[in-house]
Amino acid sequence: MFKNFKKLTPNSIIGISSTASPCKPERLEESLNNLTKIGLNYKLNHTPMCNYGAHFLSGDKLERASSINQLTKDLQVDAILASRGGYGSADCMPLINFKDLQTRNIPIIGYSDISSLLIGFYNNHIPSIHGPNLTEEFYSYFTDKDSKVAIDQLINFLTLDTQTYSVDCKIIKNAEQSSSHAAENIEGRSLASNLTTLSSILGTKYHPNFDQSILFIEDTGESPYRVHRMLTQLELSGAFENLSGLILGRFYNCQSKYPPTFEEMLQDFINQTLNKYPFPILSNFPFGHGGLNFPICLGAKCIINNNKVIVSNIYE
């Protein structure tokens with residue numbers, strides 16, 4: 001069972017993990033400076049810029065897993081923030097000590113490749129937040145409005161006991177075929193992921209339980225046929241059978257110079273595959289790559305009320 005995580009105070013320390021690709025040194029430095037300017041304390045125990053320009057991973061498996069394990073053992077650390085995505089987090093998951101993380105119950109924050117870690121936390125009933133990475137949104141906090149909005153909401157989730165926000169989305173499939181609106185007050189646990197990362201762990205021991213969850217998915221740089229293939233994989237895995245709702249974020253740069261368009265592919269997939277399921281499907285939720293990246297607390301209470309999606313940091 002999920003428990004509410006300890007909220008941050010002015011003296012709290014955020015640990016910086018590096019389980020995926022390395023960071024550009026000057027980008028890392030600016031991001032850490034911004035973290036301090038915002039008023040957040042941080043601790044590094046593995047240099048995220050290791051291997052930059054020399055490898056697609058920021059270290060070997062043990063080094064990258066240790067960037068979480070050592071922070072978990074540090075009782076001064078109250079949350080963990082991913083330095084960047086890219087690739088590699090799933091590779092070191094077998095070495096991550098989820099038992100210690102359950103005891104500490106501290107959240108990890110990130111997105112893109114970090115989605116595999118978020119799902120690992122979710123499977124172990126440990127809070128995690130699909131949200132800003134250090135060298136993305138924190139890097140541009142003072143220069144980009146969307147980054148500031150996303151981080152300010154993230155800080156609210158991390159510091160306030162009961163926080164919710166709502167987003168007006170587009171209904172693209174109703175909860176009931178006979179209704180002109182999505183059903184009111186559909187509840188479930190938030191489960192958010194990059195679609196490519198999620199599909200890569202289906203069928204493994206890290207395969208999440210989708211039952212009664214409201215699934216948020218997004219992606220970047222994938223052609224429509226690739227997105228169709230990953231949605232098909234989700235369907236064949238049984239992910240949709242007991243789902244409470246499906247929320248689509250941005251599919252940034254996911255068009256092709258050849259037909260069909262992304263939108264045409266998606267509507268075809270809904271008509272041919274998803275219409276048999278009772279859950280509603282909404283789109284235009286602002287999270288993930290390519291723009292405003294609102295935080296989503298995995299395992300926390302989520303509500304779909306007609307076209308509104310209400311996200312919270314409440315674990316019940």
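This is a short tour of the structure, stop by stop, with something to select at each one.

Before you start, know that this is a predicted model, in which local features need pLDDT of at least 70 and side-chain atom pairs count only at pLDDT 80 or more, while totals for chains, interfaces and linings use all residues. Residues are numbered from 1 along each chain as its sequence is written, and side-chain values use heavy atoms, with hydrogens and water left out.

**Stop 1: the open sheet**

Show the cartoon and find the open sheet of six strands, whose order is 2-1-3-4-5-12 with mixed pairing. Helices (H or I, at least four residues) and strands (E, at least two) are DSSP runs, numbered from the N terminus; two strands pair if DSSP finds at least two bridges between them. At the edges are strand 2 (41-44) and strand 12 (296-298), each pairing on one side only. From one strand to the next, the twist averages 30°. Angles run from 0 to 180 degrees between N-to-C directions, with axes fitted to C-alpha atoms, for helices over the stretch in contact.

Now select 108-110 and 128-130: these are strand 4 and strand 5, which run parallel and are joined by three bridges. Ile109 has Ile129 in strand 5 as its bridge partner.

Add helix 1 (residues 25-38), which lies across strand 1 (13-17), strand 2 and strand 3, at about 145° to strand 2. Then add helix 2 (residues 61-73), which packs on the sheet and touches strand 1, strand 2, strand 3 and strand 4. Contact here means heavy atoms within 4.5 Å.

**Stop 2: Ser89 and helix 4**

Select Ser89, in the loop between strand 3 (77-82) and helix 3 (98-104). Is Ser89 buried or exposed? Ser89 is buried, with a relative accessible area of 0%. (Buried means under 20% relative accessible area, exposed over 50%, partly exposed in between, using a 1.4 Å probe and protein chains only.) Leaving aside neighbours within four places in sequence, the contacts of Ser89 include Asp113, Ser116 and Leu117.

Ser116 and Leu117 are among the buried residues of helix 4, so select 115-123 next. Eight of the nine residues of helix 4 are buried, so this helix is largely enclosed by the rest of the structure. Just after helix 4, look for His125, which takes a positive phi of about 55°.

**Stop 3: a hairpin**

Select 301-312. Strand 13 (301-305) and strand 14 (308-312) run antiparallel, joined by four bridges. They form a hairpin with two residues between them, and Asn306 in the turn has a positive phi of about 55°. Asn305 stands opposite Lys308. Strand 13 is also joined by four bridges to strand 8 (residues 186-194), again antiparallel, with Arg189 partnered by Lys301.

**Stop 4: two pockets**

A pocket is an open set of points on a 1 Å grid over the protein atoms alone, where a 1.4 Å probe fits, with protein on both sides within 12 Å along at least five of seven lines; lining residues have an atom within 4 Å of a point.

Select Phe262, Glu263, Leu266, Ser283 and Asn284: of the 14 residues lining the largest pocket, these lie nearest its centre. Among the elements supplying at least two lining residues is helix 9 (262-274).

For the second largest pocket, select Gly86, Asp113, Asn194, Thr196 and Thr197, which lie nearest its centre among 17 lining residues. Helix 7 gives the largest share of this lining, three residues.
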